[in-house]
Amino acid sequence: MTAAHAKPAPATLVARRAGIDTYQAPIVYMRPDCAVCLAEGFEAQARVELVHDGRSVLATVHHVMADWLQVHEAGLSEAAWRLLGLQGGEPLQIRHPPVLQSLRHIRAKTYGERLDYPQLLAVMRDVAAGRLSDLHLASFVTACVGDRMDRQEVIDLTRAMVDVGERLQWPFDTVVDKHCVGGLPGNRTTLLVVPIVTACGVAMPKTSSRAITSPAGTADAMETLAPVALDLPAMRRVVERLGGCIVWGGAVQLSPADDVLIRVERPLDLDGTAQLVASVLSKKAAAGSRQVLIDIPVGPTAKVRSVAAAAELSAALVDVGAAIGLEVRVLQTDGLQPVGRGIGPALEAHDVLAVLQSRPDAPADLRERALVLAGQLLEMAGRAVPGEGLALARQTLDSGAAWRQFAAICEAQGGLREPGRAPHVRAITAERAGLVEAIDNRRIAMAAKLAGAPGDAVAGVKLEVKLGQRVERGQPLYVLHARSQGELDYATDYVRAQPGLIGIGEGA
């Protein structure tokens, strides 16, 4: 045994990379009979502080009884390994964590007390630093949903989320952004809006998310066309040269507390108004935006299901935005059916290219929705007078200027490429003739995910019909795309058990 890997003193264990992806949660794997656990009484799920060479991170203990971990070793998850900057074999001190004041604030919120800015800032600092366990994070998220946060608390939460991360500054008079609250498959308008707006001379540095529960996020679709994992210096170079970019927000660490909270919200299926508003607007403020357009699709199977709910969310977005220095405009849009034809990263990217290149097969609904959003942003930025933004956006797209700008952005981010296509496809056909009366957004998205999206970029669903369209018996309604035959069969079994996924009525 080498000196570097000799059994350490009882206060330390040798760091070992466990090779386990726990996303953002730092985990330390220890044998219950190791010297540290015996001396300190660390049980499974205990919180501990890991220290090495001036760096520290709070982690959750998982006990290991298998032989792959030696009694003198501490296995670290990928998140813990990355945060500590380890190489392997280092002596790692493991001790009881410091007392966190933020835990008092979380308990107070759980009992219904309101929190002010300093208290929320303390919580967000510990969230961003990884000092809180998933149990503590879940308690905080649950305590904030429903009507448990008043408007001032939402403002303070948003400010706190911005203040614990970096806030970008740009050498432009006007910086715009847009966001869709989600729930509408195929709604990949960002990849069209950014080149249209920036081709008109308006700055739009777009940081986008990957999918968490949907079949594709903006970053996933863009990644089939160009690299998106740019660091901050690379992002700055692209934006300062071309006025815009479309990059993955996780690579530039804006509003880092939000990324941690989202990880906990998704499995709990909690997405309250307060958290949604703070999440969206903190990211926009941190990215240096000044004018923000929010798209709220409304429909019975969209995320926002009623006009009343959309109005409540709109008011909160506008009010909180104004309080943190953002001009926010909200558009309530049609959320009755998916947008475009493709649902899944590569399929959505193919739709985007068809629109940018003005091909005859381009989906008209995706094109028109993007033009409306781009027109609104051009008016907000003062590039077009009220009422003329749509015409300018249309001219920019039809002239080819938006396509040339998009290609330039892709090249600047690392190179434009062609999205792939799935090797296995299967058409699902209509069992009877009639009119398409309903398309279930949630279930069609589930079908795309079961086919392999977004993990496999070429997987998903391609829609062949729209609402109000007449179909004949045996006509394709949609086509499943998958990398493997097994995934194709799995998705097929699901959709065949979902007769209402696309509803066909008798019609006139």
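Let's start at G400, which sits just after helix α15 and takes a positive phi of about 90°. This is a predicted model, so take everything below as a reading of a prediction.

Step back from G400 into α15 itself, residues 389–398. Its buried residues are G389, L392, A393, T396 and L397. Look down the axis of α15 and those buried residues fall within an arc of 130°, so they line one face of the helix. The spacing makes sense: an α-helix has 3.6 residues a turn, so residues three or four places apart point the same way. Flip to the other side of α15 and you meet A391 and Q395, which are exposed. What do the buried residues of α15 pack against? Their partners are α7 (190–199), α13 (345–356), α14 (364–380) and α16 (401–413).

Two of those partners, α13 and α14, are joined by a loop that holds S358. This serine has a positive phi of about 55° although it is not a glycine. With 40% relative accessibility, S358 counts as partly exposed. Another serine makes a good comparison. S255, in the loop between β9 (244–248) and α10, also isn't a glycine, yet has a positive phi of about 45°. Is S255 buried or exposed? At 0% relative accessibility, S255 counts as buried. For background, most residues other than glycine have a negative phi, and most peptide bonds are trans. That second point has its own exception here: the peptide bond from A453 to P454 is cis, with omega near 0°. You'll find P454 in the loop between α17 (441–450) and β15.

From S255, carry on into α10, residues 256–268, which packs with helix α5, residues 134–144. Their axes are 9 Å apart and meet at an angle of about 75°. That makes α5 roughly perpendicular to α10, because angles from 65 to 115 degrees fall in that class. On the α5 side, the contact is made by D134, L137, A138, F140, V141 and T142. They meet V260, L261, R263, V264, E265 and L268 in α10. Sort the residues of this contact by class and you get eight nonpolar, one polar and three charged.

Now for the strands. As a reminder, strands of a sheet pair through backbone hydrogen bonds, either parallel or antiparallel. One open sheet has four strands in the order β12-β15-β17-β13, with antiparallel pairing. Which strands stand at its edges? They are β12 (342–343) and β13 (424–429), each with a single partner strand, so one side of each is left without a neighbour in the sheet. For β12, the pairing with β15 (residues 460–463) is antiparallel and runs over two bridges. One place to see it is I343, whose bridge partner in β15 is V461. Helix α18, residues 485–496, lies across β13 and β17 (476–482), and runs at about 15° to β13.

Another strand to look at is β5, residues 73–76. In a regular strand the side chains alternate between the two faces of the sheet. In β5, E73 and G75 are on one side and A74 and L76 on the other, and all are buried, so both faces of the strand are covered. β5 pairs with β1 (residues 12–17) in the parallel sense over four bridges, and V14 has E73 as its bridge partner. With β2, by contrast, β5 pairs in the antiparallel sense over two bridges, and here Y29 stands opposite G75.

Follow the chain out of β2 (27–30) and you come to P32, in the loop that leads to α1 (35–40). P32 counts as partly exposed, at 30% relative accessibility. Not counting residues up to four places away in sequence, P32 touches C37, L38, H63, V64 and M65. For a sense of scale, the C-alpha atoms of P32 and A482 are separated by 44 Å, and the two residues are 450 apart along the chain.

Last stop: K284, a lysine in helix α11 (residues 273–286). Is K284 buried or exposed? It is buried, with a relative accessible area of 4%. Leaving aside neighbours within four places in sequence, K284 is in contact with D177, K178, H179, K206, S289, V292 and L326.

Methods:
Residues numbered from 1 in each chain as written. Predicted model: local features only at pLDDT ≥ 70, side-chain atom pairs only at ≥ 80, totals over all residues. Heavy atoms only, no water. Buried < 20%, exposed > 50% of the residue type's maximum accessible area, 1.4 Å probe, protein only. Contact = heavy atoms within 4.5 Å. Axes fitted to C-alpha atoms, helices over the stretch in contact; angles between N-to-C directions. Parallel < 35°, antiparallel > 145°, perpendicular 65-115°, else oblique. Nonpolar A, V, L, I, M, F, W, Y, C, P; charged D, E, K, R; others polar. Pairing = 2+ DSSP bridges. Arc of directions from axis to C-beta.
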